[in-house]
Amino acid sequence: MRNMLTEIIAEVLSPNREQNAIPPMDGAWTPNSLLEEAPRLSEGYQDPHDFCVGPNNVLFVADGVNVLRLFGKDWRSREVVATVEATVLGLAWHDQAGLLACIDGVGVRVIQGPMTGAAFLEANGATLLAPRAALVTGSDKLLVADGSRGIHGSDWVLDFMAKGRSGRVVAFDLATGKGREICTGLGYPSSLMLSQDGGTVFFPEAWRAQISSLPLAPGEGQQDKQTVVRNLPAYPWRLARGRQSLLVSFLSMRTQLMEFLLGEDAFRSDMMRQVPRDFWVAPAFRSRAHVYEPIQGGQLLQHGKAKAWAPSRSYGLLAELRPNFEVSRTFHARHGEEAHGIVAALEADGRRLALSAGAEALLDLGAL
Amino acid sequence: MSETAYQPFKRITRSVPKQVIGEALNKPWADSLIPFTVTVITIAIFASLLEGYLSTVNLGSLAHQFSETAIVVLAMGLVVMVGGIDLSVGSIFALANFVALYLIIALEVPVGGAVVLTVLMGAGLGAVNGLLCGILRMRAFIVTLVTMIIFRGIVSLLLLKFGSELALGAEDTPLWSFLGYGSVLGLPTNTIIFLFLAVGGHVLLTRTRLGAHIIAVGGSRLAARRAGIPAGRIAMGVYVLSGALCALAAVLYASRIGSVSYTTGKHLEILVLTAVILGGVSLGGGRGSIARMVMGALVVMVITNGMVRLGIRGGVTEMATGAILLFAILFDVKWLKHKDKLLNSTFVCPVKLTMPPLPDLTDKNSPYAVNDRLRDVEVIGLDQVDGPEDVILDRAGNLYTGVRQGEILRFLAPDYTRREVFARPGGRPLGLAFDRDDNLITCVAGMGLYGVRPDGEIFKLTDQSRRTWWRLRDDSRILMADDLDIAPDGRIFFSEATVRYALSDWIVDGLEAAGNGKLLCYDPATQKTTTVLQGLLFANGVCLSHDGHSILVVESWGSCVQRHWINGPKKGTTEPFIANLPGFADNINRASDGTYWIAIAGIRSPLWDLTMKSPGFRTRMIKRIPRDEWIFPNLNAGFIAKVDETGQILDVLWDRFATHHPSVTSMREHRGYLYIGGLANNRIGRIKLPAADPTWMGQDSYWGTRPAEASEA
């Protein structure tokens, strides 16, 4: 009620104010083509979702239902280490537990290593339908980011269109496999990152375009989250800790059309009913340039060329943040380029790597 | 919400209600609507409060009082319109009142002479203001404030010295009495004079060069001066006129009241300024009309007079006048600031358009299935053309195209590497066609239908048609001529894509989808332009059928082609030629084998069809987000289709990877080749048609073969 009152007062006092206007891409956000120009270490992924570093600097890559192991010089060699029943949405390696795979509609399972076979599937009576990230803290606790309570992880776009706020962070006891919700009502937590001291966990709330944090208290009850960064220009997808910086990769840009559509409930539901999903106005990891994909004014070719500044359905964006969450540098792949949809980025063996769904490749962003 | 269901022949032949509002607000007279409403309401209120307010007696007495004030309102209004302000009107009024009475009573000057002298004196006082404000460009507000005090001081001095001479005297010559109390046809003399002045003022402002200059100077003094208007002299002239009008009003007042006092004309400036601003004459200058000044005067008069009659005290009445002035100024400022915004937001009014089911392009068995036949196109004029919308070839094989710079370019046969400017019509040339005498007839967007003789000389055929009687907005000027074709009898059929938007706003017409297009016909015999069809959803390509009996006209937003019979038993009727294309068709032209080529400039998508069904959504989208973010039709993909005389699709040519022709707006077959143009492209394409007649050309098809010597060497 009070909120509504202040809204009304603000509306009267400054009717033209912009609420959470998409911030301009300037300063450290200034677009470039660094992602597009980056060398591609390995290519040909079908449906990449995540990757992580294992022992001896090998890389594990989640590609559809397969988990690949990349090894050798510049990770040129690869092999399939596991095939599971559904799409692998997230991967994590922990020395005591092994390789944790977040499986769409199923939950988290250890598929390699000391605890192979251990499964973490439900909490508070609800299956982990959209497990996007797993994180072992201390020696006995496993945190899982579950994007949505009702919608499978591969159907995330439905949750986006519904402005889903049912995401949760779940804590499991590694030994017993018992889980409980420690934070609920989240706008799609899509990854997890531990603070330096291990006392706080950070996670992006993609649909809210913000990064939130949660103190890891020993008690039983739920915790209140705090907002660390708000109103980002794109939907944050994955957080990773580098040696001196933090890496945030983004699903795609927020566009004015998308924000407008999120306020047009009737049209949005008509679109969801009458238009095939691939041709919705929706954020996407990649564009297939199909003739039925929606076109926005700025995207029209002039003299056969696409304008780099055109609003884009999918976009490549990776930001490097200082420890205080200020943006220091960004990597882009713009409209008309390929290296869109950076599903994950991390530092391994002194190099910075990013996995692009648009280019279906592992990008090498150079030595640190 | 109004609806254009997909019924090819039930066109919108009436105005969409929202469109009427938008177009009405764009009319010049829309500015008067608000003062008019205020006037009517005010009169209604006081008429209901006061018994007998509208009785003849009371109206007569009101008219007496009203006319003198109203003349001063005209004076003030004109000064405000020229960009100034005249606060000294009350003082001039008082001074003139004194002078008129003194001349007549004390000096016994004949009435006629006294009137002329007084008016001249008023003009002189106005000239002082005019010299200072108009010529020396001092601030009108300060200058007239000062002259107001000075003139008032003069009146006081004169009253002190000569007041007693006038106290007892009186004048009762017939002329003087007629001025004060007479009437003609039941109207008081001063009202007649006022009406005469008002009509004169209206004619001055709207029908004369001087009036146009006054408005121009008021709108922007600097711009007026740059346009060669003597701004200073015009402004001074208006101040002189203002002084003279005030003096005339004072003479009428003197003849009626016949006495002098310190309070004559006091606070008159505030009263008339209120009337002027309330009437919607902008304080910024350059906007207003006599009618609105009169309405403002009426409102102020009715309010002040009505309050007196209601027994409200003088102070309160003055306060009320002040409050009204403040309100009027506030409204003036806000209205000026937001008017264009309001107009823009009401002008576009999308209509529901339900498209038939989208033909599936992705199906391999579809007649439209994607191929790569345009891959090996030969490129002509790369980066030498900016938007070749249409292409055509003459008998000698030279290639012509209209480009964005407003030129018609010619690439010379046989290798098309030499480029020259053939003609420069100025607007953007779109459709092209050769007539019987090898004149190149072209639809020029923003201009109309023009022709170019073989030597490059340009001549106008037509730039207007008959106005549609039921449209509020004048649509007689041809705003966006698009494509044409010529019948054997010489009649030129051409399309006007939309009557509401210019070429650069094609997308707004698309999002409106209200059927704004027309098929027009220009008959060189009568030199008349008539409307053949209207209510078309972006009338685009036009082509005469091979037998010459019908005209094919494309509706881009309707994704269809209509056939209109111009000869034969079905003459005057229209029927669908192609009902449901998967994209937005553009130009249509003859092929050598008795069929037709159709350019498909873009592809309909499921989302676009849904957008067309949701007019409210489109309205909000246009208002809330910038154009580059709007949902657009997909003009990044297109193809060329070949159709037979029954409208069956025979063949399609795609540029699958959009290398050369992402969107195709025209194609022209000539001697076994197909030449391809695009509105947003930077090249012309040419592809060999293996199965086509290598001798066929459009000219022969339309006008018959001609001996070789007639064609250009």
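**Notes on the two-chain model**

1. Let me start with a small detail: right after helix 13 of chain B comes G311(B), which has a positive phi, near 85°. Bear in mind that this is a predicted model.

2. Staying with that helix: helix 13 of chain B covers residues 290-309, which makes 20 residues. From first C-alpha to last, the helix reaches 28 Å, close to the 28 Å you'd expect at 1.5 Å a residue. Is helix 13 of chain B mostly covered or mostly uncovered? Mostly covered, with 14 of its 20 residues buried.

3. Now over to chain A, where I get 5 helices and 27 strands. The radius of gyration is 20 Å, and the globule rule gives 21 Å for 368 residues; the two are close, so chain A is as compact as a globular protein of that length. If you'd like dimensions, the C-alpha trace of chain A spans about 55 × 55 × 40 Å along its principal axes.

4. On packing within chain A, 48% of the 368 residues are buried. Take the contacts in chain A with a separation of 6 or more, and 50% of them come from residues 24 or more positions apart.

5. One sheet in chain A to look at is an open one, built from 4 strands in the order 16-17-18-19 with antiparallel pairing. Strand 16 (193-194) and strand 19 (226-229) of chain A sit at the edges; each has a single partner strand, so one side of each has no neighbour in the sheet.

6. The pairing at one of those edges can be pinned to residues. Strand 18 of chain A, residues 210-215, runs antiparallel to strand 19 of chain A, with 3 bridges between them. Which residue of strand 19 is the bridge partner of S212(A)? That would be T227(A).

7. Next, the contact between the chains: 27 residues come from chain A and 27 residues from chain B. On the chain B side, the elements giving two or more residues are helix 16 (606-613), helix 17 (615-624) and strand 24 (631-632). By residue class, that side of chain B splits into 17 nonpolar, 6 polar and 4 charged.

8. Strand 24 of chain B deserves a look of its own, as strand pairing crosses between the chains here: strand 22 of chain A (residues 295-296) is joined to strand 24 of chain B by 2 bridges, and the strands run antiparallel. To find the spot in the viewer, pick I295(A), which stands opposite F632(B).

Technical notes: Residues are numbered from 1 along each chain as its sequence is written. Chains are lettered from A and ligands numbered from 1 in the order in which they are written. This is a predicted model: local features need pLDDT of at least 70, side-chain atom pairs count only at pLDDT 80 or more; totals for chains, interfaces and linings use all residues. The radius of gyration is taken over C-alpha atoms; the globule rule is 2.2 Å times the number of residues to the power 0.38. A residue is buried if 20 or more other C-beta atoms lie within 10 Å of its own, exposed if 12 or fewer, and partly exposed in between; C-beta atoms are placed from the backbone. Two residues are in contact if their C-beta atoms, placed from the backbone, lie within 7 Å. Ala, Val, Leu, Ile, Met, Phe, Trp, Tyr, Cys and Pro count as nonpolar, Asp, Glu, Lys and Arg as charged, and the others, Gly among them, as polar. Two strands pair if DSSP finds at least two bridges between them. The expected span of a helix is 1.5 Å times one less than its number of residues.
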